[in-house]
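Okay, thanks everyone, I'll keep this short. I'd like to walk through how two parts of one chain meet, so have a look at the screen.

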Amino acid sequence: MLSRTADHLFWTARYLERADFLARILDATTRLTALPASYGRPGNEWESAVASSGCAAGFYALYDGANEYTVRDFLAFSPTNPSSIRNCLSVARNNARAVRTALTIEMWEAINDAWLELRRFDAKAMDREEFARFLEWVKAVSLAFEGSSHRTMLRNDAYWFTRLGTAIERADNTARILDVKYHVLLPATEQVGGSLDYFQWTTILREVSALTAYHWVYRESVKPWLVADLLILNRQMPRSLTSCYETLVRHLDLIAEAYGMRGASQRVASTTLARLTGTRMEDVFQSGLHEFISGFIADNNRLGVTIAEQYLMP
Amino acid sequence: MATAFDEMTGVPGATEVREAYVTLKRWLETTPRHLLDTRRSQAELFFRRIGITFAVYGEVEASERLIPFDIIPRVLLKREWEILERGLKQRVTALNRFLADIYGPRECLRAGVLPEDLVYRNPCFRLEMAGVKVPHDIYAHIAGIDVVRVDADTFYVLEDNVRTPSGVSYMLENREVMLRLFPELFEEHRVAPVEDYPDALLASLRSVAPAGAGRDPTVVLLTPGQYNSAFYEHSFLADKLGVELVEGPDLFVRDDVVCMRTTEGAKRVDVIYRRIDDDFLDPLVFRPDSVLGVAGLMSAYEAGNVTLANAVGTGVADDKAVYSYMPEIVRFFTGEEPILKNVPTWRCREREALAYVLDRLDELVVKEVNGSGGYGMLIGPHASRQEREQFRRKLRHAPDGFIAQPTLALSTCPTFVAEGMAPRHVDLRPFVLTGADGCRVVPGGLTRVALKEGSLVVNSSQGGGTKDTWVLDA
């Protein structure tokens, strides 16, 4: 297929995944800040939402401080934030439109309908309830797009590049949450704090839609080291770093097989996966969670660059 | 201006109905109005959802607009269509021979069929093409011939579009939406299908692949990109054809061979169905500032390693001054009398014609020789005195740039407008394909309708709409 087509598919999927991620961060943060103050919230949860989104620099250039309204405006609607939900959906739609022919009609309708409907949401007039509905709608858009790609696309390189875009963005998103919240994720040997931390942990789980999954997997109350284990190493959890890399390696292998040639992308992805599967949570805590996550984010970015060089813009 | 011929009743307001419309008229009279209204909004929703939009240059906010679609089809009988079809094939055959001749032996110029300077001084004449041999001598692989009707028996050709004619996606999508919304109408009418147009187009394109292309030539569709007004059509056609939709930067030329950049490396391209104008094709030969084209493309083309459809330099043949010589061109190249009429045309470059035109500005239509899309045009009977005086000055200043024609009473067709059903003027653009095995016309075409009462301008950029076009079998 055309390199440009692969590039657009990859980025359409990435942007939709990012929109979904932002919706979940906003949703979880709104919930956390709704807790009574007696639970002793120390920091500013809205600051941490901005940090998790990965666009803190852009935010503080525009606003004096992080609160519900500035963060909501910036992450959801701001035309100046290139990664706001609104921009993610518009860019995804533009990418999709440029490669209409590579999408199935169902995928196109999912993204084009979203783009048409987006204009009907009035950011200014939205109260909390309407905003919550908006976030649900954003999640539904990503679901509809990914679901229709899964149900309707031919299993060929177009599908594989779409899956790569989703998986690499998802790995980045999970890692960013961990990067911001690493200080509340402590090993089993440490003394853990009170109820505040509990809400921090459940918020993390909500941000990756994994609260229910947690209970099914561990069958015990929420423990910080298990939260870290679920998000980093657990292969059953679709947003864990390991699971994302299994997806990346699998689809890169399918591409290599179809094209009859392996390259740097296959090597970089399988090296990262090997490191994840060969690690135990104790080792990660031993060498430092923060260092581990920073290293992972850098590796994940390197894979993005490698895929681009090998396939998307040779 | 004479009273317009109405396609349904013959004479406007008459109670009798022409044969083609008998069943349709009964259906229109018996179907409740609210049902028709529901269907109209469903049609609009359909077009918006599939994203069939067009951009209007110079309008920022409405950068993606729908062309209004009218649910009442325009109906032709098979015997009417057969005359049109023969006439269209004859005309396009003549156009192709004319182009092969002016870029080859130039016999028609020696024989004085038309003045030499109309060719040589034509801005669309490409000297680069002189002596270049194109596969099977075909230049206009895809032609859109605009036809208007003035009475039961008479069709006039208004314009020949042989550069990059657009609109065929509307022909196909209009039929698609009609089939979805009014299946019962198709049970009662035997409507000739148009759905095989993409297959016919692909076959034509493959048939003109360069000799070295092998048995399975690679065809691509070259688009200026998604900000072009016809981008929807480009992506629609590429999809239906099953070929890659490429932009200039996706292609490169190495050793006079055109390749596209793919995820598996470079892949050779044999036939380019290009939807960008000559000027932008190759920055090394034409406009150096073009970022839409491919450097080296012309050199690969002249080396015979790639086929461009349509060929470079076809614009000479859809010039309005050359148009006025089409009857002579048809006679010269086919040895037959033209089946389709030309609108009588005064060439303002001729002194007597100019005087005639200046005397009758209030009854004639004056057009710029190189204008298109309904711009740069004076419709005398509808123009203000001021507009007419403006054109009088333009005509005196540069008469060569203009032709004039009588104001034709374009036929009308019943159309839904705000007040209900009313007659509106229509034209018809059938699409003629030419490949190594000859000419083909899909039965139908794009009917454009001027939605404003009394208006004769059907162009979508100026408030025109479209209709499905039916050719009834038997």
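So, start with A:E17 and A:R239: they form a salt bridge, and the closest N and O atoms sit 3.1 Å apart. Keep in mind that this is a predicted model, so please read that distance as a computed one. That pair has company, by the way: the count between domain 1 of chain A and domain 2 of chain A comes to 7 salt bridges. For polar contacts, we get 12 residue pairs between domain 1 of chain A and domain 2 of chain A, with both partners at pLDDT 80 or more.

Okay, which helices supply the domain 1 side? Helix 1 (3-33), helix 2 (45-53) and helix 7 (128-152) of chain A each put in at least two residues of the side that touches domain 2 of chain A. Helix 1 of chain A gives the most, with 18 residues. Sorted by class, that side of domain 1 of chain A has 15 nonpolar, 8 polar and 11 charged residues.

Now let me zoom out. The domain assignment splits chain A into domain 1 (1-153) and domain 2 (155-314). Each one brings 34 residues to the contact. Over C-alpha atoms, the centres of domain 1 and domain 2 of chain A are 20 Å apart.

And how much area gets buried between the two domains of chain A? About 3200 Å², with 59% of it on carbon and sulfur atoms. For anyone who doesn't do this daily, accessible area lost when parts come together is often how people quote the size of an interface.

That's me done, over to you.

Methods: Residues are numbered from 1 along each chain as its sequence is written. Chains are lettered from A and ligands numbered from 1 in the order in which they are written. This is a predicted model: local features need pLDDT of at least 70, side-chain atom pairs count only at pLDDT 80 or more; totals for chains, interfaces and linings use all residues. Side-chain values use heavy atoms; hydrogens and water are left out. Domain bounds come from an automatic or database domain assignment. Contact means heavy atoms within 4.5 Å. Buried area is the accessible area (1.4 Å probe) that two parts lose on being put together, summed over both. A salt bridge is a side-chain nitrogen of Lys or Arg within 4 Å of a carboxyl oxygen of Asp or Glu. A polar contact is a pair of N or O atoms within 3.5 Å; within protein, one must be able to donate a hydrogen and the other to accept it, and residues adjacent in sequence count only if both atoms are side-chain atoms. Helices (H or I, at least four residues) and strands (E, at least two) are DSSP runs, numbered from the N terminus. Ala, Val, Leu, Ile, Met, Phe, Trp, Tyr, Cys and Pro count as nonpolar, Asp, Glu, Lys and Arg as charged, and the others, Gly among them, as polar.
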